[in-house]
Amino acid sequence: METRDTIFAPATARGRAAVSIIRVSGPGADAALARLCGAIPEARRAVLRILRGPEGDPIDRALVIRFEAGASFTGENSFEIQCHGGRAVLAAVLDALASCPGLRLAEPGEFTRRALENGRLDLLEAEGLADLVNAETEGQRRQALRAMRGALGDQAAAWRTSLIRARALVEAVMDFADEEVPEDVGPEVSALIDQTATAMRLALAGAAAAERVREGFEVALVGAPNAGKSTLLNALARREAAITSATAGTTRDVIEVQMDLRGLPVTLLDTAGLRETADDIEAIGVARARERADAADLRIWLQAPGSAGIAPPEAWLREGDLWLGSMADVGDGPEGAIPVSARTGEGLDRLIDRIASELESRAAGASAVVRARHRKALEAGLAHLDRATLWLGRGEALLDLAAEELRLASAMLETLLGRVDAERVLDDIFAEFCLGK
């Protein structure tokens with residue numbers, strides 16, 4: 001059996017701080033700990049130790065916590081050092097660890113990958129952990145925590161159990177084809193498939209919302225030139241993110257500003273004014289504006305006082321879009337539009353409430369299916385269940401095909417959990433982790 005390397009890495013960000021944490025995991029952890037601080041402490045008990053370099057010179061006085069294999073995050077012998085956070089201290093401790101035989105610096109995500117490989121967590125929990133580390137808003141934090149605690153994993157495991165039962169019943173009929181089966185298993189098989197498929201479709205129905213919470217909603221500011229889009233963007237962002245000018249066509253490209261809106265991640269898009277133009281550069285900006293507006297989750301259409309806008313409202317408003325009468329401090333906007341003045345602040349709070357309420361209503365339907373990988377695995381699994389139902393309805397001669405489709409559906413759920421055929425996605429997933437995680 002191949003012996004694994006022992007890995008180490010700082011688990012806190014580089015730079016001066018009160019405390020830095022360094023993690024070590026692998027078969028050589030205990031030997032490295034003894035070399036660094038002498039006597040090996042009792043497991044899972046924080047002790048104060050003098051850390052020493054290769055020549056025995058003291059480096060720092062630090063807290064050390066040791067974990068035994070099977071009771072650590074990675075499932076291996078490991079320990080953590082909590083030392084002072086000065087750059088020189090951190091560098092000296094890392095140099096001391098690097099001098100230990102068999103130790104090397106960990107790759108990004110390698111600690112979590114070992115935890116996965118040692119059965120300490122499944123792939124869905126690992127992805128949830130990555131999302132929790134990267135969460136920037138309260139909504140992302142809550143969703144990532146649910147994933148890390150096994151929200152989708154528990155569901156997938158239950159679905160897999162039902163499909164294994166259905167397949168076993170089908171194969172029992174096939175195995176005893178020449179004998180009289182005590183009871184008709186068809187109704188139970190059909191019920192198991194139907195219940196599982198219904199639950200999977202329900203999870204998929206909330207996938208789009210969950211993916212938007214994870215990746216962020218896009219809100220596009222759209223309108224004719226000089227409708228006040230850039231001024232509104234600056235007011236919402238509370239900084240000069242876009243150049244404003246009375247000259248029509250100032251905005252040529254899409255300007256993006258990230259915001260945290262009631263815990264939801266939002267990217268505001270300031271787009272070029274929509275109009276016919278002979279200017280080639282502006283025409284490219286207009287084309288990009290239309291493309292990004294079409295793809296945005298929510299569009300805010302601006303119309304200045306006395307302006308005809310870009311078309312009758314009913315021609316371009318879609319469900320959820322907001323229609324603003326911009327520059328309310330200059331004059332009245334069109335009837336039915338929300339009056340807003342980015343210069344005076346009139347209507348801004350109301351606008352923010354409307355945007356937040358609309359996005360919150362969409363996020364409310366989010367399921368535990370938060371990544372495209374999850375969605376594709378469930379879609380493939382459902383396709384196999386549909387074909388299994390088809391073969392079951394065509395008599396005992398095709399039961400072998402139904403059993404195979406049930407096996408393939410179960411395999412897709414196992415892929416979702418990372419139990420089979422996971423290698424092709426592991427590198428991409430763990431590349432999202434920072435060093436030391």
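# Reading a predicted model, feature by feature

User: Let's start with a helix. How many residues does helix H14 have, and what reach is expected for helix H14 at 1.5 Å a residue?

Analyst: The idea is to compare the reach of a helix with the expected value. Helix H14 covers residues 399-417, which is 19 residues. From its first C-alpha to its last it reaches 27 Å, close to the 27 Å expected at 1.5 Å a residue. Please keep in mind that this is a predicted model.

User: Which residue takes a positive phi just after H14?

Analyst: That is Gly418, with a phi of about 85 degrees.

User: What does the same span check give for helix H4?

Analyst: Helix H4 holds the 12 residues 123-134, which should span 16 Å at 1.5 Å a residue. Its end C-alpha atoms are 17 Å apart, so the two values agree.

User: Is H4 largely enclosed or open, and how many of its residues are buried?

Analyst: Here we count residues with under 20% relative accessible area, the cut-off for buried. In H4, 9 of the 12 residues pass that test, so the helix is largely enclosed by the rest of the structure. Among them are Leu123, Leu124, Glu125 and Asp131. At the start of H4 there is also a polar detail: a side-chain oxygen of Asp122 comes to within 3.0 Å of the backbone nitrogen of Leu124.

User: What do the totals for the protein chain look like?

Analyst: The protein chain has 15 helices and 12 strands. Of its 437 residues, 47% are buried. Looking at contacts between residues at least 6 apart in sequence, 62% join residues at least 24 apart.

User: Now strands, please. What is the general idea for side chains, and how do S3 and S4 run?

Analyst: In a regular strand, side chains alternate between the two faces of the sheet. Here, strand S3 (residues 47-52) is joined to strand S4 (residues 58-67) by 6 bridges, and the two run antiparallel. One pair to find is Val47 with its bridge partner Val64 in S4. S3 and S4 form a hairpin with 5 residues between them, and Gly56 in the turn has a positive phi of about 90 degrees.

User: How many bridges join S4 to strand S5?

Analyst: There are 5, and S4 runs antiparallel to S5 (residues 78-85). Look for Leu63, which stands opposite Gln82 in S5.

User: What is the strand order in the open sheet of 6 strands?

Analyst: The order is S8-S9-S7-S10-S11-S12, with mixed pairing. The edge strands, S8 (255-261) and S12 (338-339), each pair on one side only. At the S12 edge, 2 bridges join S12 to strand S11 (residues 322-325), and these run parallel. Gly325 has Pro339 in S12 as its bridge partner.

User: How many disulfides does a search of the whole structure find?

Analyst: A disulfide is a covalent bond between the sulfur atoms of two cysteines. The search finds 0 here. As for individual cysteines, Cys37 is buried at a relative accessible area of 11%, and Cys100 is buried at 5%.

User: Where does UniProt place the feature "binding site"?

Analyst: An unreviewed UniProt entry places it at Arg23, Glu80, Arg120 and Lys437. Take Arg23 as a worked case. Arg23 lies in strand S2 (residues 17-25). Its relative accessibility is 9%, so Arg23 counts as buried, the cut-off being under 20%.

Technical notes
Residues are numbered from 1 along each chain as its sequence is written. This is a predicted model: local features need pLDDT of at least 70, side-chain atom pairs count only at pLDDT 80 or more; totals for chains, interfaces and linings use all residues. Side-chain values use heavy atoms; hydrogens and water are left out. UniProt positions are given in the numbering used here, feature names are shortened, and annotations may be inferred rather than shown by experiment. Helices (H or I, at least four residues) and strands (E, at least two) are DSSP runs, numbered from the N terminus. Buried means under 20% relative accessible area, exposed over 50%, partly exposed in between (1.4 Å probe, protein chains only). The expected span of a helix is 1.5 Å times one less than its number of residues. Two strands pair if DSSP finds at least two bridges between them. A polar contact is a pair of N or O atoms within 3.5 Å; within protein, one must be able to donate a hydrogen and the other to accept it, and residues adjacent in sequence count only if both atoms are side-chain atoms. A disulfide is a pair of cysteine sulfur atoms within 2.5 Å. Contact means heavy atoms within 4.5 Å.
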